[in-house]
Amino acid sequence: MNSTAPVYESAGVLYADTDFTQLNWLETQWAAWYLWIGNPVIATGLMSFLLHEIVYFGRCVPWIIIDAIPYFRKWKLQAGKVPSPQEQWECTKQVLYSHFTIELPLIWFFHPMAEMFGMSTWQVPLPALKIMVPQVAFFFVFEDMFHYFAHQALHWGPLYKHIHKIHHKYSAPFGLAAEYAHPAEVAILGTGTLAGPLLYCFFRGDLHIFTMYVWITLRLFQAVDAHSGYDFPWSLQHILPFWSGAEHHDFHHMAFVNNFSTSFRWCDRLFGTDDKYRQYCLRRAAMKKASANQKDFIALEKKMLAEIEAEGVQAEAVAESYRYGTKEKTT
Ligand SMILES: [Zn+2]
Ligand SMILES: [Zn+2]
């Protein structure tokens, strides 16, 4: 990963000085892909789009299966609100439409821009783990902060009504709903995912697109899992207490207020936008303690969730009616 890529040169010329005996299996496959496609720009664009589709829908499959198996309902965050196959299919169609109309051009235009800033694409060998880990950690922190502020802005009346409302269609989300959003939202919030690597490239210049793929894969896992609607005892937030996870984001969809960040809990804590969520956690814990048995607890919890959701519907109506004079009631 040294020189700037002469992107329109033929792939065979790109690897003229490469000693293939020094490469590992993955690096050989990497170069073979670029040699096979023949044009580095097309090879990169195609690989990026395929990666996004395979990882996104691939990560949704386990959640679709879990939704179909009643055994897992005991870990469902909003008990009883399991999406129907029809709902999941409607959501998939909308997500696919947005992938082909918005994300495909975004992905395609990202690469010439990134290469301009010095990102490596076709080059081998691939970066070492000790180089990738801090870069990916930076992208996570950057995206989380960007998303926190941009997401709050999307809750401002006019932006909510015209853009973010689509993503809030599901008050009890499921994996496939992670990217169910208005095209403008995909572009706005996608900026948080892409701007970190672009800025890094601009200032440091030593980023390989392979690291970007690791980042995108982890980010997609995070987004799909956060919308899964399940909180297992082995979920990541029980191991890393600052990780948001499904429990944190599910509350956002249910209550409409609080919990605006993506991966971490610290922004909401720092700026005080998790007060209602923390109150809910305390009430839930107290209920569990006071309940004579699991059945009583489930009944009490259901009542509390219904109250929070009703408040959420009201908060949504207020957001929507902002600047429009009348307080329209919404569903
Ligand atoms: Zn929101
Ligand atoms: Zn969401």
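Among the elements of the protein, confidence is lowest in helix H1 (residues 11–14), with a mean pLDDT of 76, and highest in helix H5 (residues 129–154), at 97. Here pLDDT is the predictor's confidence in each residue, from 0 to 100. Helices are DSSP runs of H or I, at least four residues long, and strands are runs of E, at least two long, numbered from the N terminus. The model is predicted: local features need pLDDT of at least 70, side-chain atom pairs count only at pLDDT 80 or more, and totals for chains, interfaces and linings use all residues. Residues are numbered from 1 along each chain as its sequence is written, while chains are lettered from A and ligands numbered from 1 in the order in which they are written.

The protein averages a pLDDT of 89, and 94% of the residues score at least 70. Over residues 1–8 the pLDDT is below 50. Beyond near neighbours in sequence, this stretch has 12 contacts in the model. A contact requires C-beta atoms, placed from the backbone, within 7 Å. Where pLDDT is low, the predicted coordinates should not be read in detail.

Two UniProt annotations, both from an unreviewed entry, were examined. UniProt positions follow the numbering used here, feature names are shortened, and annotations may be inferred rather than shown by experiment. The record lists residues 33–51 as "transmembrane region". That span is 89% helix and 0% strand, with its end C-alpha atoms 14 Å apart. The record also assigns "domain: Fatty acid hydroxylase" to residues 137–273. Over residues 137–273 the chain is 58% helix and 0% strand, and the end C-alpha atoms lie 24 Å apart.

Helix H4 (residues 85–116) packs against helix H7 (residues 183–203) at an angle of about 20°, with the axes 11 Å apart. Axes are lines fitted to C-alpha atoms, for helices over the stretch in contact, and angles run from 0 to 180 degrees between N-to-C directions. H4 is therefore roughly parallel to H7, a term for angles under 35 degrees. The contact includes Ser98, Leu106 and Phe110 of H4 and Val186, Gly190 and Leu194 of H7.

Two backbone features stand in loops. A cis peptide bond, with omega about 5°, joins valine 124 and proline 125. Proline 125 is found in the loop between H4 and H5. Phenylalanine 256 has a positive phi, near 70°. This residue lies in the loop between helix H9 (245–255) and helix H10 (266–270). Most residues other than glycine have a negative phi, and most peptide bonds are trans.

Terms used. Parallel < 35°, antiparallel > 145°, perpendicular 65-115°, else oblique. Contact = placed C-beta atoms within 7 Å.
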